[in-house]
Amino acid sequence: MKTYCVTGGAGFIGSHLCERLLALGHRVVCIDNFNDAYDYRIKIRNILNSTGSLTTFQFTGKETDLLHLQQAVRGDSFKLVVADIRHVDELVSAFGREQIDAVIHLAAMAGVRPSIEEPLLYEDVNVKGTLTVLEAMRRQGIRKWLCASSSSVYGNNAKVPFAEEDIVDRSISPYAATKKACEVLGHAYYHLHGIDTVMLRFFTVYGERQRPDLAIHKFVGMLERGEPLTVYGNGSSRRDYTYIGDIVNGLVGALAYVESEEKVYEIVNLGTNRTISLLELIRGIEQAYGKEAELRWLANQPGDVEQTYADISKANRLFGYDPQTDFAEGLHKFVNWYRGNRYGQALDRRADL
Ligand code: NAD
């Protein structure tokens with residue numbers, strides 16, 4: 001049994017990772033500040049689901065809800081620390097109370113478009129926050145970590161599929177630039193302090209508990225409410241969508257790899273190695289949801305890349321990564337979760353909870 005710290009463990013990817021680590025018999029220290037990038041109550045629900053805790057929860061107000069949550073999930077194997085990754089003392093004391101074997105750093109301001117509106121916040125959380133996590137690890141002698149990077153660092157890379165050795169110094173959004181900065185900071189701490197590192201470039205992750213601001217979740221919500229789907233560009237932009245279960249397999253594989261190796265600094269793509277156009281995505285959602293969509297066409301969004309497409313041979317070679325989820329199957333899983341998730345639907349309808 002190991003003890004892992006997951007930053008951002010209340011979020012979409014983090015809550016699935018916590019759930020898997022617990023199922024594998026490990027202890028998890030989850031650090032999250034339940035920020036307001038989207039409704040904190042979704043994140044409370046994520047934690048309750050991933051720890052198999054209470055099924056009902058009375059929401060009264062953020063502060064008391066978080067205290068109530070901490071009590072509800074308290075146990076030997078899971079510990080929730082409500083803290084901000086930008087505060088080194090909070091991290092040092094959270095790390096210091098436990099024997100942490102490795103950190104999986106997922107906490108961030110995620111998403112390209114809002115980063116254009118709030119670049120300073122993105123820089124503060126993603127760059128200073130990541131440096132603070134590294135510094136707290138150094139002070140506490142933690143020498144292994146995984147860190148979330150993003151396919152967005154490739155920008156409008158001319159060559160496809162995108163490979164890790166491609167030179168990426170042409171970010172087209174503040175978000176992408178902050179993720180590139182995380183990769184560079186990680187290398188400095190690896191070089192200076194021997195912190196073994198795997199940087200994971202995730203390619204558009206989808207599935208149960210997907211963030212409400214991401215396309216699949218937004219489109220299904222629009223269908224549910226009988227609204228037209230807002231489509232940016234002409235529908236030809238392409239994404240390498242990756243199912244959450246495959247991403248968690250990749251995280252667990254990368255964790256085993258970074259723990260078993262010495263002197264490691266690797267950047268690794270976690271995608272699926274196939275691309276799907278926006279129009280194909282919409283047709284797939286219509287099929288999974290069983291309803292035809294009305295489309296409302298809007299101009300391309302600045303900062304959005306034309307396509308993402310992952311070469312995943314390195315992840316396969318290093319730790320056997322082999323995503324298996326068929327896209328139609330993954331969409332069905334999302335739609336089934338969405339339909340069964342009274343809580344998420346109520347939020348989408350902006351109804352009272
Ligand atoms: P998410 O927003 O659901 O999760 C991020 C979590 O971090 C949230 O629970 C949030 O409360 C927490 N957090 C944010 N700022 C914090 C702070 N200052 N202190 C403590 N906690 C803080 O996002 P996600 O989709 O689960 O993404 C997880 C990671 O993966 C992020 O680093 C994101 O940039 C990266 N990523 C995600 C995708 C994707 O498709 N979802 C793609 C590429 C990269």
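Guide: A residue is buried if 20 or more other C-beta atoms lie within 10 Å of its own, exposed if 12 or fewer do, and partly exposed in between, with C-beta atoms placed from the backbone. A nonpolar core is a set of buried Ala, Val, Leu, Ile, Met, Phe, Trp, Tyr and Cys residues joined through C-beta atoms within 7 Å. The model is predicted: local features need pLDDT of at least 70, side-chain atom pairs count only at pLDDT 80 or more, and totals for chains, interfaces and linings use all residues. Residues are numbered from 1 along each chain as its sequence is written.

Visitor: Which residues have the most contacts inside the largest nonpolar core, and which helix gives the largest share of this core?

Guide: The largest nonpolar core has 94 residues, and those with the most contacts inside it are Val6, Cys30, Ile104, Leu146, Leu200 and Ala254. Helices (H or I, at least four residues) and strands (E, at least two) are DSSP runs, numbered from the N terminus. The largest share of this core, 8 residues, comes from residues 244-260, helix α9.

Visitor: With which residues is Val6 in contact, leaving aside neighbours within four places in sequence?

Guide: Two residues are in contact if their C-beta atoms, placed from the backbone, lie within 7 Å. Val6 is one of the residues with the most contacts inside the core. With neighbours within four places left aside, the partners of Val6 are Gly14, Leu17, Cys18, Val28, Cys30, Ile104 and Leu106.

Visitor: Is Cys18 buried or exposed?

Guide: Cys18 sits in helix α1, residues 12-23. Not counting residues up to four places away in sequence, Cys18 touches Val6, Gly9, Val28, Cys30 and Ser50. Because Cys18 has 30 C-beta neighbours inside 10 Å, the residue counts as buried.

Visitor: In what order do the 7 strands of the open sheet stand?

Guide: Two strands pair if DSSP finds at least two bridges between them. In this sheet the pairing is parallel, and the twist averages 20° from one strand to the next. The order is β3-β2-β1-β4-β5-β6-β11.

Visitor: Why is one side of β3 and of β11 left without a neighbour in the sheet?

Guide: β3 (78-82) and β11 (265-270) stand at the edges of the sheet. One side of each strand is left without a neighbour because each has a single partner strand.

Visitor: Which residue of β11 is the bridge partner of Met199?

Guide: Strand β6, residues 196-202, pairs with β11 in the parallel sense over 6 bridges. In β11, the partner of Met199 is Ile267.

Visitor: Is Val81 buried or exposed?

Guide: Val81 belongs to strand β3. Leaving aside neighbours within four places in sequence, Val81 is in contact with Val29, Cys30, Ile31 and Ala94. With 20 other C-beta atoms within 10 Å, Val81 is buried.

Visitor: At about what angle does helix α6 run to β4?

Guide: Axes are lines fitted to C-alpha atoms, for helices over the stretch in contact, and angles run from 0 to 180 degrees between N-to-C directions. Helix α6 (residues 119-140) lies across β1 (3-7), β4 (102-105) and β5 (144-150). The angle of α6 to β4 is about 175°.

Visitor: Where is Phe34, and is the residue buried or exposed?

Guide: Phe34 has a phi near 50°, a positive value in a residue other than glycine. Phe34 is in the loop between β2 (27-32) and α2. With 20 C-beta neighbours inside 10 Å, Phe34 counts as buried.

Visitor: What is the phi of Asn273?

Guide: Asn273 lies in the loop between β11 and β12 (276-277). Asn273 has 17 other C-beta atoms within 10 Å, so the residue is partly exposed. Asn273 is a residue other than glycine, and its phi is positive, near 75°.

Visitor: What is omega for the cis peptide bond from Val160 to Pro161?

Guide: Pro161 lies in the loop between β5 and α7 (174-193). The bond from Val160 to Pro161 is cis, with omega near -10°.

Visitor: What radius of gyration does the protein have?

Guide: The radius of gyration is taken over C-alpha atoms, and the globule rule is 2.2 Å times the number of residues to the power 0.38. For 353 residues, a compact globule would have a value near 20 Å, which agrees with the value of the protein, 19 Å.
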